[in-house]
Amino acid sequence: MAAVLQVLPCLARAPLRPLLLGGAVVRLASGMALAEQARQLFESAVGAVLPGPMLHRALSLDPGGGQLKVRDRSFQLRQNLYLVGFGKAVLGMAAAAEELLGQHLVQGVISVPKGIRAAMEHAGKQEMLLKPHSCVQVFEGAEDNLPDRDALRAALAIRQLAESLTADDLLLVLISGGGSALLPAPIPPVTLEEKQTLTKLLAARGANIQELNTIRKALSQLKGGGLARAAYPAQVVSLILSDVVGDPVEVIASGPTVASVHNVQDCLHILNRYGLRAALPRSVKTVLARSDSDPHGPHTCGHVLNVIIGSNALALAEAQRQAEALGYQAVVLSAAMQGDVESIARFYGLLAQVAGTCLTLAGAGASAEEAEQLHELAAELQLPDLQLKEALEAVVRARGPVCLLAGGEPTVQLQGSGKGGRNQELALRVGVELGRRPLGPVDVLFLSGGTDGQDGPTEAAGAWVMPELASQAAAEGLDVATFLSHNDSHTFFRCFRGGVHLLHTGLTGTNVMDAHLLFLRPR
């Protein structure tokens, strides 16, 4: 109720603007200029992993000789090229592939989220849409990212196409995040509902994502290398847009073109651990028993070439290049930011404090206590690729503004029923952290955005904040702590300063997790 009472006044009136004089006016103008640069860098990161640029980097076609080159491999095309795909970004990937490959493409089947064609058309993104007379059949399903009957029909059509191929054929597989829900094909007699029920039971008893995927693959016709087996003896080229930290090909969309390293004993061990083996449906027992006596197909996928064509690291590298072109000392901290948003926000707050001191005291550095807290928190987060030492050394060397970049997928512990997403909640928490720390004579701005253009169930990709956020919000009658306690970050940013801190990009047609940008500019 408190959140509701707080929201109503801000929707009923224009946000109050506190009187800004002298240096405050200059800082506001400086902040808006920084925000515009942050938006530009975020858009450049997304632009690097859009379907068109990615496909053209990964594939090259010799029209005269009919040779398709993928990295250092060449394939002869002679009316033998087929396409399948599944994932949130696959509609645009398929459109780019068809434009590049033209008449060489014989037939295709893709499985994409429900409503995505209408959304792309509404957004005016014609480059993300297949041509009217495309040879690629489109299935829409997996509403709310959950496997459903429509997605099952798509998976069976993909399997049918794959199984029809011969040793003379080449299958191009397009994969992106969300592909797992869009490719559900349980091994009969297991039904889709039985598989979903078992997965939910395991999750409710504390099974982790690796354990869930092990069970899913064992009960699936296409995951865990199943699609590659169905296409054998055709050659398979799998082009993958990664939305998983570390880009493990066996995890993205549950690895349909990667041989599973797990066997039925691993499955039984997991089911025993969570007390579910005795309660298994007969159909699941039948499939596991069959797998035990007759190994689940050939273990290797030697006829497959798996290529990561887009990732968070690639997006950050482009933003880093653009930041350097704008005159920033730019450093990528990590492409594997994960953990609770509260801890990640504290990390960014401490990082801004320590880096700001290094920057404004010509290398004298922050206090030993602050630096120690930062390194302890970094150790707790256990980020495998964190370049903290290198980043701080770069800040010390910097003679001007600094941009620290990171990406990944933090998590939110839901406590309330507000509206938001992990990017907006992270930004709001970082704003609070920045406001409570002495940052010295330096302008600081933090932006967090989802590269798919949609943060949670909202129309925003994320938000940007500065250290003045909490005090400015209080002047408008907004209590940040109340919004955070209800996980109501989107409502806060809609109210705060008329919504100017929200990052709106629209659906981008791609997805490589999130991008975080931290700017420090000496005054």
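**Figure 1. The stretch from residue 402 to residue 514 in the predicted model.** Over residues 402-514 the chain is 30% helix and 20% strand, and the C-alpha atoms at the two ends of this stretch are 20 Å apart. In this predicted model, residues 402-514 are also the span that an unreviewed UniProt entry annotates as "domain: MOFRL".

**Figure 2. The protein chain as a whole.** The protein chain contains 19 helices and 15 strands. Its radius of gyration is 25 Å, which is close to the 24 Å that the globule rule gives for 523 residues, so the chain is as compact as a globular protein of that length. Taken along the principal axes, the box that the C-alpha atoms fill is roughly 75 × 60 × 50 Å.

**Figure 3. The crossing of helix 13 with helix 16.** Two packed helices are described by the angle between their axes and by the distance between those axes. For helix 13, which spans residues 341-360, and helix 16, which spans residues 422-435, the axes come within 8 Å and cross at roughly 40°. That angle makes helix 13 oblique to helix 16, since angles under 35 degrees would count as roughly parallel and those from 65 to 115 as roughly perpendicular. The crossing of these two helices is right-handed.

**Figure 4. The residues that meet between helix 13 and helix 16.** On the side of helix 13, the contact is made by V341, E342, I344, A345, R346, Y348, G349 and A352, and these meet R422, E425, L426, R429, V430, E433 and L434 in helix 16. Sorted by character, the residues of this contact divide into 8 nonpolar, 1 polar and 6 charged.

**Figure 5. Two cis peptide bonds that lead into prolines.** The peptide bond from P188 to P189 is cis, with omega near 10°, and P189 lies in the loop that runs between strand 7 (170-175) and helix 7 (192-204). A cis peptide bond also joins Y232 and P233, where omega is about 10°; P233 is placed in the loop between helix 9 (226-231) and strand 8 (235-241).

**Figure 6. The backbone at A253.** Although A253 is not a glycine, this residue has a positive phi of about 55°. A253 is found in the loop between strand 8 and helix 10, the latter covering residues 264-273. Strand 8 itself, at residues 235-241, also borders the loop that holds P233.

Notes: Residues numbered from 1 in each chain as written. Predicted model: local features only at pLDDT ≥ 70, side-chain atom pairs only at ≥ 80, totals over all residues. Heavy atoms only, no water. Axes fitted to C-alpha atoms, helices over the stretch in contact; angles between N-to-C directions. Helix = DSSP H or I, 4+ residues; strand = E, 2+ residues; numbered from the N terminus. Parallel < 35°, antiparallel > 145°, perpendicular 65-115°, else oblique. Left-handed = near helix turned anticlockwise from the far one by under 90°. Contact = heavy atoms within 4.5 Å. Nonpolar A, V, L, I, M, F, W, Y, C, P; charged D, E, K, R; others polar. UniProt positions renumbered as here; feature names shortened; annotations may be inferred. Rg over C-alpha atoms; globule rule 2.2 N^0.38 Å.
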